[in-house]
Amino acid sequence: MSDDLETLRQETLAALAAAGDRREWDAVRVGTLGKSGRLTGLLKELGRMSPEERKLRGGALNRLRDDLSRAVEARGAEIEAATLNARLASERVDVTLPARPESQGAIHPISRTMEEMAAIFGAMGFKVAEGPDIETDWHNFSALNTPDHHPARTDQDTFYLPAEQGSLRERVLRTQTSGVQIRTMLGQEPPIRIIAPGRTYRADHDATHSPMFHQCEGLVIDRGITLAHLKGCLIDFLRAYFGQPNLPVRFRASYFPFTEPSMEVDIGWSRKTGEIGGGGDWLEVLGSGMVHPRVLANCGLDPREWQGFAFGMGIERLTMLRHGIPDLRSFYESDVRWLRHYGNSPLSPALLHEGL
Ligand code: DAH
């Protein structure tokens, strides 16, 4: 074989051996056997040779091409195997490593209470309804039988906003979730069974009041609804929520503009130990009543045909009682240690308590 062919062979084999990855290997392959490769160039020169020369040179060139093709192929397979092995080694999964902790976060106790309320009332056929935090003065007060200058408005001072353009209705950050009653009655035909958990606002701030807090409203409208339904429903709810099938519950006459008659609901507890259930003392936990005929009429319902009851409760308050949380402000401080202590694993669903 002539020297130039031997040089080409040695150089190509050396370059192949030095090629460390697919890209380098491909450069050698194209540089030798490709369209403008060195060997291809030599083969093209054959055409200009005499038949004698061509025979000699052609045979040598063909042998070289076969040898180099095989060498290229073999090195390609080697590189591919080496690349695969390297990947397998670097991406190996160590199945003996301990599992990562499953839950990094926790469900805030407020959210948890809302979920539990939805679960308990859901089992009694209630749906969850929503309303806006920025409510019209009309939905929040007037339609609930609390007209301008009504003394009940002073108990619920809030944050006022101008009316929306094109509307005469001034707006407020809602002081109660009771406005969702109005929205629901205007938006759907009875029978109605809803609860409405959500944020509420009042111009108040101390250890037991926060300018932003949460309530859960309830509303039932149907034919022939009586106080007995209200009592049965709320007793069942409180016993399920506190997990005490015999929890003492007391209904005490009270006043709300949008219910008649109205009642506050107390549960048995001990003033001395704070324990829920026994102790002979009473603790107020929610407000309720039969929906006032004027409220029904404001929503286009004939009070002679439809009756109903409503109730409203503070979510923070019920959560504090259930879990023994002493200070309302801790709910909003985002203290991770507090959350870890009082929060729930996101993986455990809201449990339905026995007895429903
Ligand atoms: N909205 C009342 C409050 O914020 C709570 C309430 C009382 C709601 C009686 C009701 C009800 O639906 O019937 O104090």
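Colleague: Let me begin with the residue I care about: what is the relative accessibility of Glu-260, and as what does Glu-260 count?

Modeller: Buried means under 20% relative accessible area, exposed means over 50%, and partly exposed lies in between, with a 1.4 Å probe and protein chains only. Because its relative accessibility is 47%, Glu-260 counts as partly exposed. Please keep in mind that this is a predicted model, in which local features need pLDDT of at least 70 and side-chain atom pairs count only at pLDDT 80 or more, while totals for chains, interfaces and linings use all residues. Residues are numbered from 1 along each chain as its sequence is written, and side-chain values use heavy atoms, with hydrogens and water left out.

Colleague: Which UniProt annotation covers Glu-260, and where is Glu-260 found?

Modeller: The unreviewed UniProt entry gives "binding site" as an annotation covering Glu-260; such positions are in the numbering used here, feature names are shortened, and annotations may be inferred rather than shown by experiment. Glu-260 is found in strand S8, residues 259-269, where helices (H or I, at least four residues) and strands (E, at least two) are DSSP runs numbered from the N terminus. Leaving aside neighbours within four places in sequence, Glu-260 is in contact (heavy atoms within 4.5 Å) with Met-290 and His-292.

Colleague: What kind of peptide bond joins Glu-260 and Pro-261?

Modeller: The bond between Glu-260 and Pro-261 is cis, with omega about -5°, and Pro-261 is found in strand S8. Another cis peptide bond runs from Pro-190 to Pro-191, with omega near 5°, and Pro-191 has its place in the loop between H7 and S5.

Colleague: How should I read a pair of packed helices, and at what angle do H1 and H2 pack?

Modeller: Two packed helices are described by the angle between their axes and the distance between the axes. Axes are lines fitted to C-alpha atoms, for helices over the stretch in contact, and angles run from 0 to 180 degrees between N-to-C directions. Helix H1 (residues 3-18) and helix H2 (residues 22-33) pack at about 160°, with axes 8 Å apart, and H1 and H2 are therefore roughly antiparallel to each other (angles over 145 degrees count as such, under 35 as roughly parallel, 65 to 115 as roughly perpendicular and the rest as oblique). Thr-12, Ala-15, Leu-16 and Ala-18 of H1 make the contact with Glu-24, Trp-25, Val-28 and Thr-32 of H2.

Colleague: At what angle do H3 and H4 pack, and which residues meet there?

Modeller: For helix H3 (residues 38-45) and helix H4 (residues 51-90) the angle is about 160° and the axes are 10 Å apart, so H3 and H4 are roughly antiparallel to each other. From H3, Leu-39, Leu-42 and Leu-43 meet Arg-57, Leu-61, Asn-62, Leu-64 and Arg-65 in H4.

Colleague: Which residues of H7 are buried?

Modeller: In helix H7, residues 179-187, the buried residues are Gly-179, Val-180, Gln-181, Ile-182, Thr-184 and Met-185. They pack against several elements, among them strand S5 (192-201), strand S6 (212-222) and helix H9 (293-298).

Colleague: What is the phi of Asn-145, and what is the phi of Ser-334?

Modeller: Asn-145, although not a glycine, has a positive phi of about 65°, lies in the loop between H6 and strand S3 (160-161), and counts as buried at 12% relative accessibility. Ser-334 likewise has a positive phi, near 55°, but sits in the loop between helix H10 (315-323) and helix H11 (336-342) and is exposed, with a relative accessible area of 62%.
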